[in-house]
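Let's take a walk through this one together, with the model open beside the text. We'll begin at a turn, then move on to strands, helices and the question of confidence.

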Amino acid sequence: MTDKSKQPSDEALRQEQDTMGQVSVPGWAYYGAQTQRAVENFQISPYRLPRTMIKALGLIKKHAAAANSVLGLVPDDLAQAVQEAADQVIAGSLDEHFPLDIFQTGSGTSSNMNTNEVIANLANRSLGQALGSKTPVHPNDIVNRGQSSNDVFPSAVHIADRLAAEDLLSALKTLYLSLDRKADELAKVVKLGRTHLQDAVPMTLGQEFAAFAVQIDKNIGRIQNCLYNLEDLPLGGTAIGTGLNCHPDFPRLAVEGIGRETGIPFRPAANKFEGIAARDAQVELMGALNTLATSLMKIANDLRLLASGPRGALGEIVLPSLQPGSSIMPGKVNPVIPEMVIQAAAFVCGKAVSVTIAGQNSPLQLNMMNPLIAHETLTSMEVLTNTCTTLAEKAIDGLEADAQRCEDWISWSLALVTPLATRIGYDKASALAYRAYREHRKIRDILEEEAILAPEELDEILDPRSMI
């Protein structure tokens, strides 16, 4: 595995001291000794802290410094330097200095210290000091003042998830509107309904797509119902929820600042013990995302079935042709967007299981799988956001109905006999349907031959538009 402590641009090292001794740190790095130890200890995967988590950690450090300045706990000039450095972290210009693996200490302490060290070094550089000096801005005493990894990291997970939920909800609204418009567009296209993958009574394509739209609309509601608990921040609880070493006004001031900057009504957790010990808000969120993934899986599979063929199967809709579908069969075009959606949905369903297990691992006062929870929730929302947008723009908006194909399937359907059951009884209607099936004839032909109804009555009772 590649040594993540090195970059080809600069092999120079600097020596830093922490409570465990001396550590060699890359000369270019804004992080310090504790981050370097974690880099060396956790070379597990290619997965790093999501960008939104880094932003959330920057927001916490920025507004923690502002709160500590107001409370007279950190000198104004140092607090200002910390806030300016945190702004760079929030903006994303320093992501290369956050090298830690997601699979690390379960509290996220390494990533919290990574943030503290980067911001401290940035602040000290702005004050004319060298990298690694730890003065006058110390990563623990100044940047982490009134905080613990145990309250910072869970708060950051809540902030990041809440921010990511905004993007997901926007994408879902786009998908809902696409499906709703398509339902209106296809409202007059009569087709055959199907249950158990067998012919059922007629419906319209508009009704089919309206059902998809309602599924997405309900998923919007489910995710919105999760937002309130994500806005609950345990910041200020420090190690286990007691608030040891934290000014009593710190949580309110810091959280108010985060709320002002993000435009989201974050609030200090009423019970910080729960906010630190449990990740129930994320388990709840993943339940909603799992439901959304299930809905998307159903919709995508239905689109594949409706577009199947196009000549050897249903072929009732025509999806946009986006790319060749075969390296050997000329002219073949596959339903690539629904296939992508199905894979993305399966991916998120797996993440839901992962977060469920992670949420269960909260022994006593602290959850021990916080970094994984952050990664799984944020990755799921990013994938779903992109999936919903792509499904709307590259599949739903451009699909069309094959109205003639829909009409042909209805004319051959044995289910057209259904309304006749109220006139001649279920058993006799069934016998006629089976005869049509055995003789490979249309039900209309059988009924005309049997002369059970007058021609005008037959026209009325077999009109599929009268059945929808």
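**A tour from the hairpins to the helices**

Strand 3 and strand 4 make a hairpin with 2 residues between them, and in that turn H196 has a positive phi of about 60°. Keep in mind as you look that this is a predicted model. The two arms of the hairpin, strand 3 (residues 190-195) and strand 4 (residues 198-204), pair in the antiparallel sense over 5 bridges. If you want a place to pick up the pairing, go to V190, whose bridge partner in strand 4 is T204.

Now go back towards the start of the chain for another hairpin. Here strand 1 is joined to strand 2 through 2 residues. Strand 1 covers residues 13-18 and strand 2 covers residues 21-26, and they pair in the antiparallel sense over 6 bridges. One pair to look for is D18 with its bridge partner in strand 2, G21. While you're looking at strands, a reminder: in a regular strand the side chains alternate between the two faces of the sheet.

On to the helices. How do helix 2 and helix 6 cross? Helix 2 spans residues 51-70 and helix 6 spans residues 149-185; their axes come within 8 Å and cross at roughly 120°. That angle is over the 65 to 115 range for roughly perpendicular but not over 145, the cut-off for roughly antiparallel, so helix 2 and helix 6 count as oblique to each other. Their crossing is right-handed. On the helix 2 side, the residues in the contact are T52, M53, K55, A56, L57, L59, I60 and K61, and they meet V152, F153, S155, A156, V157, I159, A160 and L163 in helix 6. Sorted by class, that contact has 12 nonpolar, 2 polar and 2 charged residues.

Helix 11 (residues 336-360) and helix 12 (residues 370-396) are the next pair, with axes that come within 9 Å and cross at roughly 160°. With angles over 145 degrees counting as roughly antiparallel, helix 11 and helix 12 are therefore roughly antiparallel to each other. Helix 11 passes helix 12 in a left-handed crossing. The contact of helix 11 with helix 12 divides into 14 nonpolar, 8 polar and 3 charged residues.

Finally, how far to trust what you see. The protein averages a pLDDT of 93, and 98% of the residues score at least 70. Over residues 1-10, though, the pLDDT is below 50, and beyond near neighbours in sequence this stretch has 20 contacts in the model. Where pLDDT is low, the predicted coordinates should not be read in detail.

Definitions and conventions
Residues are numbered from 1 along each chain as its sequence is written. This is a predicted model: local features need pLDDT of at least 70, side-chain atom pairs count only at pLDDT 80 or more; totals for chains, interfaces and linings use all residues. Side-chain values use heavy atoms; hydrogens and water are left out. Two strands pair if DSSP finds at least two bridges between them. Helices (H or I, at least four residues) and strands (E, at least two) are DSSP runs, numbered from the N terminus. Axes are lines fitted to C-alpha atoms, for helices over the stretch in contact, and angles run from 0 to 180 degrees between N-to-C directions. Angles under 35 degrees count as roughly parallel, over 145 as roughly antiparallel, 65 to 115 as roughly perpendicular and the rest as oblique. A crossing is left-handed if the near helix is turned anticlockwise from the far one by less than a right angle, and right-handed if clockwise. Contact means heavy atoms within 4.5 Å. Ala, Val, Leu, Ile, Met, Phe, Trp, Tyr, Cys and Pro count as nonpolar, Asp, Glu, Lys and Arg as charged, and the others, Gly among them, as polar. pLDDT is the predictor's confidence in each residue, from 0 to 100.
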